[in-house]
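This briefing walks through the strands, sheets and covering helices of the structure shown below. Please keep the sequence and the model at hand while reading.

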Amino acid sequence: MCGIVGYIGNRQAFPILIKGLQRLEYRGYDSAGIALIHNGELNLYKQKGKVADLQRFVEQQDTEGTIGIAHTRWATHGEPNERNAHPHYSQTENLALIHNGIIENYAVIKEMLLEEGYVFRSETDTEVLVQLIDFMQKTNNVCLAEAVQLALSQAVGAYAIAVLEKGNNNQIVAARKGSPLVVGIGKDEFFLASDATPIVEYTDKVVYIGDEEIVTLNRNGEMKIVTISNVEKTPEIKKIEMSLSQLEKGGYPHFMLKEIFEQPKTLADSMRGRINVDANNISLSGFIDNKDKFLNAKRIIITACGTSWHAGLIGKYAFEEFARVPVEVEYSSEFRYRKPVINKDDIVIAISQSGETADTLAAVELAKSKGAFIFGVCNVVGSSIPRATHSGCYTHVGPEIGVASTKAFSAQVLALTMLALLLAKEKETISDDFYIKLINEINLIPIKIKEILKINNELKDFARTFTYAQNFIYLGRAYNYPVAMEGALKLKEISYIHAEGYPAAEMKHGPIALINQEMPVVVIATNAATYEKVVSNIQEIKARKGRIISVVTKGDTIVKNISDYVIEVPATEECLMPILAVIPLQLMAYHIAVAKECNVDQPRNLAKSVTVE
Ligand code: F6R
C-alpha cells in the first residue's frame, strides 16, 4: 500500500526521490518522508499529507546527498501524522528504515526491546523493525546486511524495506517478503522502488527482488542478493516495457479520465495477436499451452478483490453459459481463510490489476499448495501474482494510476470472455458460427466505446445535478448485475456517495423500502434475455417515485419512455455488454466526484495497490 523509493549513485538523490514518490503516490498519500546521508550524517524529513507538502517543507533545507530512501504512506499502525510517517530512526538515530507491509508479531518484539531499554517514538510496527535491526547489529556485532537478515528471521508478516546507516555513504540494504520491490540498474547507480514507475525514466533494466531476499546495493555498482536463510542468488536482469508518457496525464485533468478515454486503445492492445478476424480465431498462449488442464477441469474457481472480483463474476457467467463448466467466484480474503475445498483438477483463476494484492496472492499460494492449476489475469508485468501462477494472460492496458480501476476492468472482462470462448470452442459447447460471430463482435468493441465516449460532455452536465444525493442504487440482471456493482463501487469510492449494486429483481426483497423521489436509481437495461423482467423492475421503482437513470441499447423506446434520464450504448452480444455499459457509469462517477470537488485520483483512505491483508 505504501510506496518505497531509493537511490544510490553519483546524482543528487533528493530530486529523484521526490519525483519517485510522486509517481508512487497512488499507493498511499497520508504522509511522506525522506532520509538522506550527507557528510556521514543521516538526515530525516517527514510531513503529514501529500508528497507536495513534504516537498514544500523540505524546500528551504539542505537536501544534499547522493544516497537516500523515501516513502509515501498508507497508514496501518498509528494515525497518519508526522510522528508515524516513515522513515523511522533507530534508538540512537544510527539507522533509518522505510517499510511497506505489516509486521504481525511487532507487539512481542516491542516488548522484548522495551525490556532491553529501547524507547519508542511512534505507534508503528516499522519502528519496532528498525529497533530490532539495531539490536541485532549491536548484540551480534555484525554489518548492516547481516543485522537485517537476523532481524527478518524473527519478523512475521509482509514487508518491503530499505535501510540506511549513518556514516555509511556507500550502501542501501533492502529486503522483501510479500510486498513488492524492484531494483533499477543504471550506470554506476541503483534505483529502488515498489514498482517500476519511478525507475522507468532512468533505466529499463530491472531486477525483481524475490520473497525473503535481501539485496545490498553498493556505490561501486555491485549488487548482492542473499536469502534470509543465507543462500546467495544471482540477480536476474529483466527489461521493462513501459514508456514515460504512459505515466503522465497527457492533457487530461485526472488520470482516471485519461484512463477511461484510453479504453478503445487499451482494449485493442489487449486483443492484439489474440483476436484474429481474418482467421476466425482466438489465440491465448496461456490457454493453448495448458489446453488439457482446461479441458479436464471439473471446476473453475475465480479469486479476486474489488473491481477485479466484479470482472470475475462476469467471467463466471461466460464460462458457465458457453463452456458449461461450473465456476465459483470468491473474494480472495474469504477464500484464503475459510478452508475451501480445492481439488487437483480445479483451475484457479486469479484476477488482479496490480498483481500485488496481498489477499489474492495468498489465495494463489493456498490453491497452489493444494495442487490446483493457477492461471493469472493480471496487468502489471512481472508483479508477484503472475510470478506465482503456473500460466496466465496479461491484460496489457499499461499503467493504471487513478486509484479507481477503469481500463483494467474492461480488459479483465475481455480476457475472461476470450478464455471462456476458447474453452467452449475446444469443448464444442458452442457452434462455430457463434464463435465467429463473437470474434467479430469483440473486434468492434473499441469502435463502440469511442462512440459512447462522445456523450462525455452531456454526462458532465447531467452529473452535476446529482451532487446532492446521499445514496444511489444500481440495478442490473445477468451479465449486467456485476456491472451494477461496479458502477456503485466507482461512485462510492471517488465521490463518497453511498451506493449499492443489486440484482434488479432482488429490489423487492428489501432495498425497495429505500426508494423515494430523492433516490437516483441507475438501471442497466440493455437488450438481453431478461430485458422484459428489468422493465417490470423499473416499473416497480417508478411506482415509488424513484428517479430512473437508465443505460439502454441504442434505439430502445420502452425503457426510454419510463426513465428520467437515458444513456444509450451501441448494441452488442449480451456477454460483451458489460464492457460497453460500464463506460457511462465510469464517466458518471467521475463527473459527480469532480463536481463535488473530490480528489478523484487519490480518494481518501484508499490506495491503488493493497499489499496488506
Ligand atoms: C476499485 C479498485 C479496487 C481493486 C482491488 C483489487 O476501483 O481499484 O477495488 O480492484 O483493490 O486490486 P487488484 O486488481 O490490483 O488486485
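**Strand pairing and sheet order**

In this predicted model, strand 23 (residues 471-476) and strand 24 run parallel and are joined by six bridges. Within that pair, tyrosine 474 stands opposite glycine 501 of strand 24. The points below place this pair in its sheet, then turn to a second parallel sheet and to an antiparallel group of strands.

**The sheet containing strands 23 to 27**

- Strands 23 and 24 belong to an open sheet of five strands, which has the order 24-23-25-26-27 and parallel pairing.
- The edges of this sheet are taken by strand 24 (498-503) and strand 27 (565-569), and because each has a single partner strand, one side of each is left without a neighbour in the sheet.
- From one strand to the next, the twist of this sheet averages 20°.
- Helix 18 (residues 531-542) lies across strand 23, strand 25 (520-524) and strand 26 (547-553), and the helix runs at about 170° to strand 25.

**The sheet containing strands 18 to 22**

- Another open sheet of five strands, again with parallel pairing, follows the order 19-18-20-21-22.
- Here strand 19 (327-331) and strand 22 (391-394) stand at the edges, each with a single partner strand, so one side of each lacks a neighbour in the sheet.
- The twist in this sheet averages 20° from one strand to the next.
- Strand 18 (residues 299-304) pairs with strand 19 in the parallel sense over five bridges, and alanine 304 has tyrosine 331 in strand 19 as its bridge partner.
- Helix 10 (residues 306-323) lies across strand 18, strand 19 and strand 20 (346-352), running at about 175° to strand 19.
- Helix 14 (residues 407-427) lies across strand 18, strand 20, strand 21 (373-378) and strand 22, and its direction is at about 160° to strand 20.

**The antiparallel strands 2, 3 and 4**

- Strand 2 (residues 31-38) is mostly covered, with seven of its eight residues buried.
- Eight bridges connect strand 2 with strand 3 (residues 41-48) in the antiparallel sense, and glycine 33 stands opposite lysine 46 of strand 3.
- The hairpin formed by strand 2 and strand 3 has two residues between the strands, and in this hairpin asparagine 39 takes a positive phi near 50°.
- Strand 2 also runs antiparallel to strand 4 (residues 67-73), to which it is joined by seven bridges, and the bridge partner of leucine 36 in strand 4 is glycine 68.

Conventions. Residues numbered from 1 in each chain as written. Predicted model: local features only at pLDDT ≥ 70, side-chain atom pairs only at ≥ 80, totals over all residues. Heavy atoms only, no water. Pairing = 2+ DSSP bridges. Helix = DSSP H or I, 4+ residues; strand = E, 2+ residues; numbered from the N terminus. Axes fitted to C-alpha atoms, helices over the stretch in contact; angles between N-to-C directions. Contact = heavy atoms within 4.5 Å. Buried < 20%, exposed > 50% of the residue type's maximum accessible area, 1.4 Å probe, protein only.
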